[in-house]
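Student: I am new to this structure and would like a close look at one part of it. Please choose a helix, go through it step by step, and then connect it to the rest of the chain.

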Amino acid sequence: MRFTGTDQYVATDDLMLAVNAAITLKRPLLVKGEPGTGKTMLAEQVATALGMPLMQWHIKSTTKAQQGLYEYDAVSRLRDSQLADPESSARVTDIRNYIVKGVLWQAFSAEQPVALLIDEIDKADIEFPNDLLRELDRMEFHVYETRETVRARHRPLVFITSNNEKELPDAFLRRCFFHYIRFPDAETMRSIVAVHFPDLKKELLSAALKSFYDVRGLPGLKKKPSTSELLDWLKLLVAEDVPLDLLRSTDDKVSIPPLVGALLKNEQDVTLFEKLVFMQKHNR
Ligand SMILES: Nc1ncnc2c1ncn2[C@@H]1O[C@H](COP(=O)(O)OP(=O)(O)OP(=O)(O)O)[C@@H](O)[C@H]1O
Ligand SMILES: [Mg+2]
């Protein structure tokens, strides 16, 4: 079982190496990187490439580890116990009827090996990763209500993504293989764009990429535009049929790109850019 990339996802050599290392080690792959650098998409694409179903668990600030294992639906049980019909009374006697399986349980009990994505783990509170240590390590957990132990039939291939909003505990890190998706260089970016816009004119792409990396290179930006923003921007440039001259500057000076709202997402950054352009004009 080896991942060698897909035709919809551009994976650099070190990324493929990391995925295969995690498969060999049988450890979760922890993927970090700027927003929009393809962390979530990686899990989807590896699952597709290896022919595994993908189970996804999107983490929010309120998510608890227990929700991934199972939840006991006490409310339904109480309601059933108050109903007089025989069907409800029969259900009430078996507590297993009120245990709702979480994503992890579903992945553990799947017939075939599956890929499991735990997306944006840094959104949850600090206890969340600690509470999953044993489950991810031993691939088993105990169901208190029914006194049974659930073990994985096949060890799932686990992807965990993080945007670095919170530090993860050391004990958790020890159990993962780590990969940081570095921001793509111009060459890699060309391949990524080619996947999404195979028919894009070369001149337009070159001019747009230059503009894009100029914007990213601006010191002091609060939020640098990333891959997904570049793709949005290119889509707009094509849809609006923006003339090439607007993108290309005749001299080596920076100018505000058309439809800049697709790239810069807050007013400080736009102001910073405008100041720079203004200063350049007056230095002439
Ligand atoms: N290597 C790549 N190959 C092809 N498309 C890519 C690649 N990287 C990013 N993209 C494009 O960028 C979009 C955003 O990717 P994705 O949602 O996986 O980012 P992310 O890292 O999970 O971001 P976030 O941290 O905000 O969740 C994808 O839908 C895809 O179109
Ligand atoms: Mg994501």
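Tutor: What follows starts with one helix and then moves outward to its surroundings. The model is a predicted one, and every value below is computed from it.

The part to look at is helix 1, which runs over residues 13–25. Helix 1 has 13 residues, and the distance from its first C-alpha to its last is 18 Å, close to the 18 Å expected at 1.5 Å a residue. Which residues of helix 1 are buried? They are L15, A18, V19 and A22. These buried residues lie on the same side of helix 1, because they cover an arc of only 95° around the axis. A general rule helps in reading such a pattern. An α-helix has 3.6 residues a turn, so residues three or four places apart point the same way.

The other face of helix 1, turned away from the buried side, carries the exposed residues D13, D14 and T24. On the buried side, the packing partners are strand 1, helix 2 and strand 9 (177–180). Just past the end of helix 1 comes K26, with a positive phi near 55°.

The segment before helix 1 contains T6. With 15 other C-beta atoms within 10 Å, T6 is partly exposed. Once residues up to four places away in sequence are set aside, T6 touches Q45, T48 and A49. T6 and A49 are 43 residues apart in sequence, yet their C-alpha atoms are 6.5 Å apart in space.

Next comes the nonpolar interior. The largest nonpolar core has 37 residues, and the members that touch the most others are L29, V46, A115, L116 and F159. Helix 1 is one of the elements that each supply at least two residues of this core; the others are strand 1 (29–32), helix 2, helix 6 (103–109), strand 5 and strand 8 (157–162). Helix 2 gives the largest share, five residues. As a general matter, nonpolar side chains tend to be buried together in soluble globular proteins.

A115 shows how parts of the chain meet in this core. Apart from neighbours within four places in sequence, A115 is in contact with A43, V46, A47, M52, L54, P156, L157 and F159. There is also a second, separate core of 13 residues, and its members include L237, L247, L263 and F273.

L237 leads to helix 12, since L237 is also among the buried residues of that helix, together with T227, E229, L230, W233 and L234. These residues sit on the same side of helix 12, because their arc around the axis is only 155°. Helix 12 (residues 227–239) has 13 residues and spans 18 Å from first C-alpha to last, close to the 18 Å expected at 1.5 Å a residue. Its buried residues are covered by elements including helix 10 (186–196) and helix 11 (202–217). Just after helix 12, D241 takes a positive phi of about 55°.

Helix 2 and helix 12 also meet in the surroundings of the ligand. Around ligand 1 there are 17 residues, of which P35, G38, K39, T40 and M41 come nearest. Helix 2 (39–49), helix 10 and helix 12 are the elements that give two or more residues to this shell. By type, the shell around ligand 1 divides into seven nonpolar residues, nine polar and one charged.

G38 also appears in a long separation. The C-alpha atoms of S61 and G38 are separated by 22 Å, and these residues are 23 apart along the chain. S61 lies in the loop between strand 2 (54–58) and helix 3 (65–69). S61 is exposed, with 9 other C-beta atoms within 10 Å. Leaving aside neighbours within four places in sequence, S61 is in contact with K123 and A124.

Two loop residues complete the tour. E120 is not a glycine, but has a positive phi of about 60°. E120 is found in the loop between strand 5 (115–119) and helix 7 (127–131). It is buried, with 20 other C-beta atoms within 10 Å. L259, also not a glycine, has a positive phi of about 55°. L259 is in the loop between helix 13 (244–247) and helix 14 (267–283). With 14 other C-beta atoms within 10 Å, L259 is partly exposed.

Terms used
Residues numbered from 1 in each chain as written. Chains lettered and ligands numbered in written order. Predicted model: local features only at pLDDT ≥ 70, side-chain atom pairs only at ≥ 80, totals over all residues. Helix = DSSP H or I, 4+ residues; strand = E, 2+ residues; numbered from the N terminus. Expected span 1.5 Å × (residues − 1). Buried ≥ 20, exposed ≤ 12 C-beta atoms within 10 Å, placed from the backbone. Arc of directions from axis to C-beta. Contact = placed C-beta atoms within 7 Å. Near = placed C-beta within 6 Å. Nonpolar A, V, L, I, M, F, W, Y, C, P; charged D, E, K, R; others polar. Core = buried A, V, L, I, M, F, W, Y, C linked by C-beta atoms within 7 Å.
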